[in-house]
Amino acid sequence: MIVNPEIERYMLGLLPLRDEVLAEMEEVAARRNVPIIGPTVARILAQLVMATGAKRIFELGSAFGYSTIWLARAAGKNAEVHYTDGSPDNAREAQRYFDRAGVSSVIQVHVGDALASLAQVRGEFDLIFNDVDKEGYPLVLETVPPRLKTGGLFVTDNTLWHEAILNPREPSDKAVANFNQKLYNLSQFFTTLLPIRDGVCVSLKL
Ligand SMILES: C[S@@+](CC[C@H](N)C(=O)[O-])C[C@H]1O[C@@H](n2cnc3c(N)ncnc32)[C@H](O)[C@@H]1O
């Protein structure tokens, strides 16, 4: 992690306790090494959703649905939140959590490649959250812009990629570094990179 561990602990200590379902998911993720966004980034997502009134939301890479639940709860009633993951096992586990969290009615579950799922759903989105495998980030950047409404938000996790963007060696390092540079250069987006946890890019479509 890129944040000073003491600051990370301090920030985590400020957070209100999560409910039983989210707390269990955080515990399971830590035990099984599931790379969830965790509560500090989840609160950024929820805050962006609440501040903009986003209702139509597409998530690229959802694992067992931790971030999806935060998005769905923040979007509230009449929302349409799309969950995507390549693993049917992840999707089944996520569905059980959605039922327990009381958000199933606003979530649509797609199993398979996230961008293929996006292509199958029509229309523009208020917010797209990107958390797929990092080698996929450049292709995500080619695909997402026309799928967001003007004034919509494109949010991407892991954009500091445990500092590997400073000296990219692996394909995933190069993909994230390339993604960040291109994202900042796109005139249709106004982007900021928040150095929280592993880095979060927030891009407003102009
Ligand atoms: C970092 S985890 C997602 C964590 C989730 N956003 C959260 O914070 O709770 C990435 C997940 O996306 C899935 N994934 C990665 N690339 C994908 C792709 N191109 N299409 C569909 N799923 C993908 C992986 O199987 C993994 O479960």
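**Strand pairing, helix 3 and the ligand surroundings**

Strand 1 is joined by three bridges to strand 2 (residues 80–85), and these two strands run parallel. The structure described here is a predicted model, and the points below follow the paired strands outward from strand 1 before turning to His82, helix 3 and the residues around the ligand. On its other pairing, strand 1 meets strand 4 (residues 125–130), again in the parallel sense, over four bridges.

**Strand 1 and its partners**

- Strand 1, which covers residues 56–60, is mostly covered, with five of its five residues buried.
- In a regular strand, side chains alternate between the two faces of the sheet.
- In strand 1 both faces are covered, since Arg56, Phe58 and Leu60 on one side are buried, as are Ile57 and Glu59 on the other.
- Within the pairing to strand 2, Phe58 stands opposite His82, while in the pairing to strand 4 the residue Ile57 stands opposite Leu127.
- The connection from strand 1 to strand 2 passes through helix 4 (residues 66–75), and the three elements together make a right-handed β-α-β unit.

**Strands 4, 5 and 7**

- Strand 4 also pairs with strand 5, in the parallel sense and over five bridges, and in this pairing Phe129 stands opposite Val155 of strand 5.
- A right-handed β-α-β unit is formed by strand 4, helix 7 (residues 137–143) and strand 5.
- Strand 5 (residues 148–157) is mostly covered, as seven of its ten residues are buried.
- Strand 5 is joined by five bridges to strand 7 (residues 200–205), but here the two strands run antiparallel, with Phe154 standing opposite Ser203 of strand 7.

**His82 in strand 2**

- His82, a residue of strand 2, has a relative accessibility of 0% and therefore counts as buried, the cut-off being under 20%.
- Leaving aside neighbours within four places in sequence, His82 is in contact with Ile57, Phe58 and Glu59, and also with Gln108, His110, Val121 and Phe125.
- One of these contacts is polar, in that the side chain of His82 meets the side chain of His110 at 2.8 Å.
- The C-alpha atoms of His82 and Phe189, which lie 107 residues apart along the chain, are separated by 22 Å.

**Helix 3 and Thr40**

- Helix 3 has 15 residues, which at 1.5 Å a residue should span 21 Å, and because its end C-alpha atoms are 22 Å apart, the expected and computed values agree.
- The buried residues in helix 3 include Gly38, Pro39, Thr40, Val41 and Ala42, together with Ile44, Leu45, Ala46, Leu48 and Val49.
- Thr40 lies in this helix, which runs over residues 38–52, and its relative accessible area of 11% is under 20%, so Thr40 is classed as buried.
- Apart from neighbours within four places in sequence, Thr40 is in contact with Glu8, Met11, Leu12 and Leu15, as well as with Ile196 and Arg197.
- Just after helix 3, Gly53 takes a positive phi of about 70 degrees.

**Residues around the ligand**

- Of the 19 residues around the ligand, those that come nearest are Ile37, Ser67, Asp85, Ala114 and Asp131.
- A polar backbone atom of Ile37 is 2.8 Å from an oxygen atom of the ligand, and a polar backbone atom of Ala114 is 2.8 Å from a nitrogen atom of the ligand.
- For Ser67 the approach is through the side chain, where an N or O atom is 2.9 Å from a nitrogen atom of the ligand.

Key. Residues are numbered from 1 along each chain as its sequence is written. This is a predicted model: local features need pLDDT of at least 70, side-chain atom pairs count only at pLDDT 80 or more; totals for chains, interfaces and linings use all residues. Side-chain values use heavy atoms; hydrogens and water are left out. Buried means under 20% relative accessible area, exposed over 50%, partly exposed in between (1.4 Å probe, protein chains only). Contact means heavy atoms within 4.5 Å. The expected span of a helix is 1.5 Å times one less than its number of residues. Two strands pair if DSSP finds at least two bridges between them. A crossover is right-handed if, with the strands pointing away from the viewer, the path from the first strand over the helix to the second runs clockwise. A polar contact is a pair of N or O atoms within 3.5 Å; within protein, one must be able to donate a hydrogen and the other to accept it, and residues adjacent in sequence count only if both atoms are side-chain atoms. A residue is near a molecule or strand if one of its heavy atoms lies within 4 Å of it.
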